[in-house]
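Me: I would like to go through this model with you step by step, asking about one feature at a time. Could you reason from the coordinates and close each reply on the name or value I ask for?

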Amino acid sequence: MIGKAQGPPISITGLGCHVPDRVLTNDELSTIVETSDEWIMERTGIRERRIAAPEEALTDIALPAARAALAQAGVEPRDIDLLICATVTPDMMFPTASALLADELGAPRAAAYDLLAGCTGFVYALVQAYGMIAAGLSERALVIGGDILSRILDWSDRSTLILFGDGAGAVVLEKVDHGGFLGFELGADGGGGIHLSLPGSGSRRIEDASANGYVHMNGREVFKFATRVLVSSARAVLDECGVGVEDVDVYVPHQANVRIMDHAVQKLGIPRERMVVNVDRYGNTSSGSIPLALADAAADGRLTEGKLVLMTGMGAGLTWGSALLRWTEPKAA
Ligand code: UT7
């Protein structure tokens with residue numbers, strides 16, 4: 001799916017994020033599985049990640065992110081009429097994380113549902129919220145992306161354990177006077193889905209009980225896919241919107257592996273300093289990755305009025321997606 005934004009300008013008017021307190025370093029990981037800080041740094045650029053406490057579930061880390069986004073937008077929870085939570089690790093399949101969050105926030109008017117699109121979930125959810133507002137069905141949407149991937153990892157599998165971390169981010173979407181989203185591109189390839197899967201997590205019975213409930217990943221295949229789609233999806237949305245790559249001020253790729261991200265900037269021809277990188281501190285936080293990176297860019301003063309922001313996510317499904325946005329200063333900033 002590809003499209004240029006039509007109709008009234010719609011933008012992000014509030015942004016918030018939250019990560020658990022517990023920091024897990026590479027050195028500590030090397031006491032759990034056979035690995036080393038040198039190997040992880042060289043192959044991924046990850047130095048440490050955050051890990052949720054045993055008693056914390058997704059809604060516990062998503063709630064502070066959502067509250068921060070609402071506060072920045074100056075929006076009361078009761079005025080939210082759409083709440084989408086992109087995650088592959090809801091507290092449980094139902095009640096959905098979004099329904100629980102709407103209740104905890106005090107947003108009884110909100111249509112609330114979870115969205116499953118792997119690490120691309122946040123971008124998919126942005127597009128849905130945009131579409132609902134553009135169609136006049138929603139006035140104010142809260143989009144949350146977050147995961148507690150540490151809960152679904154096999155802690156004896158070094159190939160996945162080193163990559164992932166926990167975190168959440170949230171944004172408020174509303175109509176604005178100018179700027180906002182310019183266009184989107186979304187895609188999926190279920191044929192490649194086997195390379196990143198969670199066996200035993202649904203109605204498909206799995207014979208090998210030991211494989212159940214943990215992330216299985218063919219790292220090399222996902223690497224090839226990721227390097228390809230980060231480039232093709234970004235080019236597609238830029239072409240669709242008639243925008244040159246040189247106009248991109250802030251590039252926010254999914255924070256999966258610094259080698260994948262470096263490949264993308266080189267191929268696209270985006271100066272590296274325009275790319276947001278925080279994978280070193282958080283690892284791959286799945287649906288939390290792009291909002292956490294946006295929050296870092298905002299904190300660094302890189303997200304100012306009129307800046308052109310390119311976001312591209314990719315992940316399980318396999319899925320990918322890009323959004324192009326002319327940044328508007330949050331109202332309460
Ligand atoms: O949201 C999307 C989520 N997933 C991704 O983005 C993952 C994409 N893939 C990757 O990031 C990389 O493929 C990995 C970081 C997972 C692996 O890096 P790689 O450079 O592709 O390593 P490799 O799998 O080709 O393994 C190279 C060597 C192997 O040893 P031999 O066979 O060459 O002797 C592995 O056994 O490194 C070994 N190895 C490790 N060594 C130390 C694999 N994992 C580790 C480890 N520590 N954690």
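The exchange below takes up a helix, a group of paired strands, some unusual backbone positions and the ligand site, all in a predicted model.

Me: Which residues of helix H8 are buried, and on how wide an arc around the axis do they lie?

Reply: In H8, which spans residues 258-268, the buried positions are Val258, Ile260, Met261, Ala264, Val265 and Leu268. Because these residues cover a restricted arc around the axis, they are placed on the same side of H8. An α-helix has 3.6 residues a turn, so residues three or four places apart point the same way. The arc that the buried residues of H8 cover is only 160 degrees.

Me: Against which elements do the buried residues of H8 pack, and which exposed residues does the face turned away from them carry?

Reply: The buried residues of H8 pack against three helices and two strands, namely helix H2 (37-44), helix H7 (219-241), helix H9 (279-282), strand E12 (250-253) and strand E13 (308-315). On the face of H8 that is turned away from the buried side, the exposed residues are Gln266 and Lys267.

Me: Which residue has a side-chain oxygen that reaches a backbone nitrogen at the start of H8, and which residue with a positive phi follows the helix?

Reply: At the start of H8, the backbone nitrogen of Arg259 has a side-chain oxygen within 2.8 Å, and that oxygen belongs to Asn257. After H8 comes a residue whose phi is positive, near 80 degrees, and this residue is Gly269.

Me: How many of the residues of strand E13 are buried, and what does that say about its surroundings?

Reply: Leu308, Leu310, Thr312 and Met314 point one way from E13, whereas Val309, Met311, Gly313 and Gly315 point the other way, and all of them are buried. The strand is therefore largely enclosed by the rest of the structure, the count of buried residues being 8 of the 8.

Me: Do E12 and E13 run parallel or antiparallel, and how many bridges join them?

Reply: Tyr251 stands opposite Leu310 in E13, which gives one point of register for this pairing. The two strands, E12 and E13, run parallel, and the number of bridges joining them is 4.

Me: Which strands are joined to E14 by 8 bridges, and in which direction do they run relative to it?

Reply: E13 is joined to E14 by 8 bridges, with Gly313 having Gly321 as its bridge partner and Val309 standing opposite Leu325. Strand E9 (residues 180-188) is likewise joined to E14 by 8 bridges, and here Gly183 stands opposite Leu324. Of the residues of E14 (319-326), 7 of the 8 are buried, so this strand is largely enclosed by the rest of the structure. The strands asked for are E13, running antiparallel to E14, and E9, also antiparallel.

Me: Where does a cis peptide bond involve Gly317, and what is its omega?

Reply: The hairpin of E13 and E14 has 3 residues between the strands, and within it Gly317 takes a positive phi near 145 degrees. Leu318 also lies in the loop between E13 and E14. The cis peptide bond joins Gly317 and Leu318, with an omega of about -5 degrees.

Me: Is Gly191 buried or exposed, and what separates its C-alpha atom from that of Gly317?

Reply: Gly191 lies in the loop between E9 and strand E10 (196-197). Because its relative accessible area is 66%, above the 50% cut-off, Gly191 counts as exposed. Although Gly191 and Gly317 are 126 residues apart along the chain, the separation of their C-alpha atoms is 8.5 Å.

Me: Which residue has a positive phi although it is not a glycine, and is it buried or exposed?

Reply: The residue is found in the loop between H9 and helix H10 (289-299), and its phi is about 60 degrees. With a relative accessible area of 3%, under the 20% cut-off, it is therefore buried. Its name is Ser286.

Me: How many residues surround the ligand, and how much of its accessible area does the protein cover?

Reply: The ligand is surrounded by 22 residues, the closest being Thr35, Arg43, Arg158, Arg220 and Asn257. Oxygen atoms of the ligand lie 2.8 Å from a polar side-chain atom of Arg43 and 3.0 Å from a polar side-chain atom of His254, while a ligand nitrogen is 3.0 Å from a polar backbone atom of Gly219. Of the 940 Å² of accessible area that the ligand has on its own, the protein covers 75%.

Conventions:
Residues numbered from 1 in each chain as written. Predicted model: local features only at pLDDT ≥ 70, side-chain atom pairs only at ≥ 80, totals over all residues. Heavy atoms only, no water. Buried < 20%, exposed > 50% of the residue type's maximum accessible area, 1.4 Å probe, protein only. Arc of directions from axis to C-beta. Contact = heavy atoms within 4.5 Å. Polar contact = N/O pair within 3.5 Å; in protein donor to acceptor, adjacent residues only side chain to side chain. Pairing = 2+ DSSP bridges. Near = heavy atom within 4 Å. Areas by Shrake-Rupley, 256 points an atom, 1.4 Å probe, with all protein chains shown as cover.
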